[in-house]
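Please walk me through this model, with the cut-offs behind each term.

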Amino acid sequence: MSAITVESPGTKFSSSDSIIPAALQIPRRLASLDAYRGAIMLFLASSGLELSGAARHFPESRTWGFIGYQLEHTRWQGCSAWDLIQPSFMFMAGVALPFSLANRRAKGQSASKMWMHILWRSLVLILLGFFLRSIGRTQTYFTFEDVVTQIGLGYPFLFLLAFARPRTQFIIAIVILVGYWAAFAFYPLPPEGFNYATVGVSTRWQHLTGFAAHWDKNTNFAAGFDRWFLNLFPRASRFEFNAGGYQTLSFIPSLVTMVFGMLSGELLRTHQPARRKFVILIVAGIVGIILGAILDQTGICPSVKRIWTPAWTLYCGGWTCLLLATFFALIDWAGLRRVAFPLIVVGMNSIAMYCMTEIGPFQQFIRGTLKTHFGAGMFETAGGTYALAIEAAVITGIQWLICFWMYRRKIFLRI
């Protein structure tokens, strides 16, 4: 979720009698990536305008049923629009890296200095995840499934891959997915009569069956790893399971999501025509969605976002490619930057917006202050059905104004 830059094509500078290659020029920002990040951040910050809550008032409506489904995480297997938030951030972190490296090279930074920056950035992201997840707790809550923490875990490996050829990057990504699939496939299934309540799975849970059971909730390879790994840290009580089924090792396949983003970023840095870039992203997106769906439907590997299965990695990678292609076509190709300005404001300060969204006391302060000055029922103007939607829109609007204030004063939180 850091700042993104892209080189300005075609311009050259002279130094003595030599010409500095275009690839070493100081880049300009890629507006479409800022807009993509801003759109996803606003989607997250507003909780989809809380329309999933409004949908519950219309249980017989198929339209509202569809809206409600898209604005919540799927229970396990499948995909909703809400499930694409984290993959988008992981993907965009990958897209950013080629441009960031080009920018640092243009400024004459050495490889060792860049490497130290990457390690520092990774550490800060991990610590930020700890901080945000520990708010309101009696001690530090060591958990690694948060999006910023997952990016922090994978970023050093992504940096190492950035110096390889695109073909090598792609091959390594596929090897990672196959290896991760094998780790789950060969992990032993629970014995007959296993008490699933001990791993937080209720009797009403719809278990995956057959070969797909290797990716069932909290009895899989990654869950077994966390029952050892997370208990190495000080905790209020022994870790036995994650209630949502999220796991630390998801950073391994999500690293592949970042690699797909990096390949996309390398494509956008080339001097190929915009039309060709767009077509390549669209084709890659469609292929990813199809391959992920095939693996899921054939039972080879279920598509589960919460444990970032290889099928999910391909499927969500396809969707993120399509989203990037859409923003690129509308903003950098068609030139609709002014229309995208509200998104860019947030995209250029996504860390600030993310922290405002995740820090509960800050949200409560805004909510309480509004009710103090405008009345406790200010959000009930359209009736109880849409009260949460109005509240989400107003609070998100205030957070946007804070980002706009920062934008006007050139204040950008970067890691």
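Pro-190 sits in the loop that runs between helix H7 (166-185) and helix H8 (221-229); helices are DSSP runs of H or I with at least four residues, numbered from the N terminus. This is a predicted model, in which local features need pLDDT of at least 70 and side-chain atom pairs count only at pLDDT 80 or more, while totals for chains, interfaces and linings use all residues. Residues are numbered from 1 along each chain as its sequence is written, and side-chain values use heavy atoms, with hydrogens and water left out.

Pro-190 counts as partly exposed because its relative accessibility is 23%; buried means under 20%, exposed over 50%, and partly exposed in between, with a 1.4 Å probe and protein chains only. Its C-alpha atom is separated by 22 Å from that of Pro-310, 120 residues apart along the chain.

Helix H10 (residues 274-297) contains Val-283, which at 46% relative accessibility is also partly exposed. Val-283 belongs to a nonpolar surface patch of about 560 Å², made with Val-279, Ile-286, Val-287, Ile-290, Leu-291 and Ile-294. Such a patch takes residues with over 30% relative accessible area and no salt bridge, nonpolar side chains being joined within 5 Å; a salt bridge is a Lys or Arg side-chain nitrogen within 4 Å of an Asp or Glu carboxyl oxygen.

Turning to internal space, the whole structure has four cavities of 30 Å³ or more, a cavity being a set of points on a 1 Å grid where a 1.4 Å probe fits but cannot get out. The largest holds about 60 Å³. Its lining has 13 residues, with atoms within 4 Å of a point; Thr-143, Glu-145, Leu-230, Phe-239 and Asn-242 lie nearest the centre.

How values were computed: Patches are made of residues with over 30% relative accessible area and no salt bridge: like charges are joined within 9 Å, nonpolar side chains (Val, Leu, Ile, Met, Phe, Trp, Tyr) within 5 Å. Accessible areas come from the Shrake-Rupley method with a 1.4 Å probe; for residues, only the protein chains shown count as cover. Helices (H or I, at least four residues) and strands (E, at least two) are DSSP runs, numbered from the N terminus. On a 1 Å grid over the protein atoms alone, a cavity is a set of points where a 1.4 Å probe fits but cannot get out, and a pocket is an open set with protein on both sides within 12 Å along at least five of seven lines; lining residues have an atom within 4 Å of a point. Grid points are joined across faces, edges and corners, and a volume is the space filled by probe spheres set on the points.
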